[in-house]
Amino acid sequence: MLTIRDLHARVEGNEILRGINLTVNAGEVHAIMGPNGSGKSTLAGVLAGRAAYSVTAGSVRFEGKDLLAMEPEDRAREGLFLAFQYPVEIPGVNNSYFLKSSLNAIRKHRGLEELDAVDFLTLIRQRMKLVEMDESFLNRPVNEGFSGGEKKRNEIFHMAVLEPRLAILDETDSGLDIDALKIVADGVNTLRRPDNATIVVTHYQRLLNYIVPDVVHVLVDGRIVKSGGKELALELEERGYDWVRENNARATVAG
Amino acid sequence: MPSEQQPMITWYEEQFGAFEKSLNGGRTSEIHALRRKGIAAFAALGFPTPRQEEWRFTNIAPITKTAFQPSRQSADLSIVEDRIRPLLLAGAWHLVFVNGQFAPSVSHLAGLPAGVMVSALSEALQKHPNEILPALGAVVRSDENAFTALNTAFLQEGAFIAVRDGMDVERPIQVLFAAHSPGGPTLIQPRNIVIGGARSRFTIVEQYVGVSEHPYLTNAVTEISLGARAVLEHDRVQEESLEAYHVDSLQVHLRRDCRYTSTAVSLGGAIARSTIGTVLDDEGIECTLNGLLLATGTQLLDSHTAIDHARPNCASHELYKSILDGQSHGVFNGKIFVRKDAQKTDAKQTNKTLLLSDDAVIDTKPQLEIFADDVKCTHGATVGQLDDEQIFYLRSRGIAEADARDILTYAFASDVIGRIAVEGVRTRLEPVIHARLSRARTTEHARVHQS
């Protein structure tokens, strides 16, 4: 589904990603872990098409297409979804209007008919239950006045409505208490299907107790330095990122 | 008065002479004495120039250099009636003027409740001269500036609305001024009088619409006075032709425990200058002024507001927003006076501008003059562009960039639009605003491609 080859990217002249290689297949959940500043959010942003990042080398194929050549809206229409680390407040635009515009833009791209008001409402009511969101959130401006946890739940709610092929959750666990974390994780797990995939970007292992990954990657200084099964997350939690850093340094010296 | 204006002053004096002749017997009336004062004041003042502080940012040379012909009775209204009917609000009383002349065929006033008078000013003057004459010029000084003076000189027609004490008028009163002047630059000068009795409650929609793209000048004066505990919701929509000029002056006099709300949306006109003055002349008054300016191309839209807190314990809230695209120019000037007497005043003014292009310009000037010491007065002005992070957020959910910009621009205006009292006005404006924004974008696009 997603193939990243030797991806290099810069932000304001600083090279943040220094050769990422990653393959994600349909049906898989990948976790990308790493210390602050390792490039986790940059990777998520580059995949979603954030303008501040410039790709200097490498390639990304998504469902056989050149992802980096696409505008952000086309990436979304092709089935990519980024759950923002800091969901953006949009005063004056109500949540359900936004979702409807978004869903219909995606459906149109896929050659489906736009949903009418009744079908749309039926769909979103059903999906709200996944993240236990109150209906009052539909008519409120997008994220405005939402608590940190409500914003994150709203992201997963959007994801549930848009049904992406590949979802990237960027630090969705940050700022969540344990109850909200469980709700968000349950939502993500319910949406798992053999034909979609998820990349969970996180600093802490905690979320991975609830969203169990097939593969865990450790990102340090813009490179994936270690990949393994779900037990790698636990090992990291126990031994800290310095352990991988040291290992990495040793490996580099040895190599 | 600058000497280069002399030919234009003479032009309007000549027009006044012709107007006088057409009046026949009306020349000796009391109202005509007022008109004569008007033309004299106009000749003495001359049109304002950018050298005057009040007009510093607003160059009205195209207005002062055009010889506008005062509008006369138009014979055939049938062409414009088809354009007017879709503009009439469902469930409202309709008082319609075409080129300043009362248009009975598209007005609907039959069945007005007793105690509610809605009519053409000329008709009201004929029927109740003694009641109405003192109201003319009671709130607006005819020598305030050249425009109010000129309006007074040709004073003849406009909207007259009077609501008796205690009357609650359920249906909104829509006053629609349609302009259609294919025959050359026309001068349209409505004079509107609104009198709300004590404890009266009513809603007015005041609307200026150009039904064809021709140059003309609307120069309107509106005088409103409200009695104690009256409540007036006043929606105002300015959609003049983009070839036209629009100047209006609204003066509002408020008494004890009144509630007055004006929500003004200004979209039209090559140059449009709107002046609002409110006097809070007793205690317990709440005055709210909302405004939205939406300018594209080379439009110049100007809003001057003044809120005069003359007495204690009153509140005023003001929210004005501008969206400027192309090479348009917006002007906001918000005066708030708090007199020495006006303790416990609570005044809040907010002015926000969204610039959609690098060539658009806003001049914004809050002007607070406070002479009382126990008051709460705040003001804030912001000028900004669309937020890149918001645009990216929308795009990352599949929304095209142009649509994202459109959604966010409309969202910027939405709180002012949300304050429009009459739902029918709101729902009609929504597509009009969207169309204006996307039209601006298309034009901008064409311009870029040409160059």
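## Contacts and nonpolar cores

Contact here means heavy atoms within 4.5 Å. In this predicted model, and leaving aside residues up to four places away in sequence, Ile4(A) touches Ile20(A), Asn21(A), Leu22(A), Leu43(A), Leu47(A), Ser59(A) and Val60(A). Ile4(A) also belongs to the largest nonpolar core, which has 67 residues. Together with Leu2(A), Leu166(A), Leu394(B) and Ile433(B), Ile4(A) is listed among the residues with the most contacts inside that core. Helix H9 of chain B, residues 401-418, supplies the largest share of this core, namely nine residues.

Another core lies apart from this one and has 47 residues. Among its members are Phe146(A), Val161(A), Val220(A) and Leu232(A).

## Aromatic pairs

The count over all chains comes to 17 aromatic pairs. One of these joins Phe84(A) and Tyr393(B): the ring centres are 4.8 Å apart and the planes stand at 90 degrees, so the pair is edge-to-face. This pair crosses between chains, with Phe84(A) in the loop between strand S6 (80-83) and strand S7 (90-94) of chain A, and Tyr393(B) in helix H8 (residues 388-395) of chain B. Both Phe84(A) and Tyr393(B) are buried.

Phe137(A) and Phe146(A) form an aromatic pair that is also edge-to-face, at 4.9 Å centre to centre and with 85 degrees between the planes. Phe137(A) and Phe146(A) are each buried, and Phe146(A) is one of the residues of the 47-residue core described above.

## Aromatic cluster and charges over rings

In chain B, one aromatic cluster is formed by Tyr12(B), Phe42(B), Phe47(B), Trp55(B) and Phe147(B). Trp55(B) also has a charged partner, since Arg273(B) lies over the face of its ring at 3.7 Å from the ring centre. A further arrangement of this kind involves Arg171(B), which lies over the face of Trp93(B) at 3.9 Å from the ring centre.

## Cysteines

The model contains zero disulfides over all chains. For Cys314(B), the closest cysteine sulfur is that of Cys287(B), and the separation of 9.3 Å is too far for a bond. Cys314(B) is buried, with a relative accessible area of 2%.

Cys314(B) in turn holds the closest cysteine sulfur to that of Cys377(B). Their sulfurs are 12 Å apart, which is again too far for a bond; a disulfide would require the two sulfur atoms to be within 2.5 Å.

## Positive phi outside glycine

Glu12(A) is not a glycine, yet has a positive phi of about 45 degrees. Glu12(A) is placed in the loop between strand S1 (2-11) and strand S2 (14-24) of chain A. With a relative accessible area of 77%, Glu12(A) is exposed.

Arg229(B), likewise not a glycine, has a positive phi of about 60 degrees. This residue is found in the loop between strand S10 (216-226) and strand S11 (231-239) of chain B. Arg229(B) counts as exposed, at 53% relative accessibility.

## Confidence in chain B

Chain B has a mean pLDDT of 92, and 95% of its residues reach 70 or more. Over residues 445-451 of chain B, however, the pLDDT is below 50. Beyond near neighbours in sequence, that stretch has two contacts in the model. Where pLDDT is low, predicted coordinates should not be read in detail.

Notes
Residues numbered from 1 in each chain as written. Chains lettered and ligands numbered in written order. Predicted model: local features only at pLDDT ≥ 70, side-chain atom pairs only at ≥ 80, totals over all residues. Heavy atoms only, no water. Phe/Tyr/Trp six-rings, centres within 6.5 Å; stacked < 30°, edge-to-face > 60°. Helix = DSSP H or I, 4+ residues; strand = E, 2+ residues; numbered from the N terminus. Buried < 20%, exposed > 50% of the residue type's maximum accessible area, 1.4 Å probe, protein only. Lys NZ or Arg CZ within 6 Å of the ring centre and 35° of its normal. Core = buried A, V, L, I, M, F, W, Y, C linked by side-chain atoms within 4.5 Å. pLDDT = per-residue confidence, 0-100.
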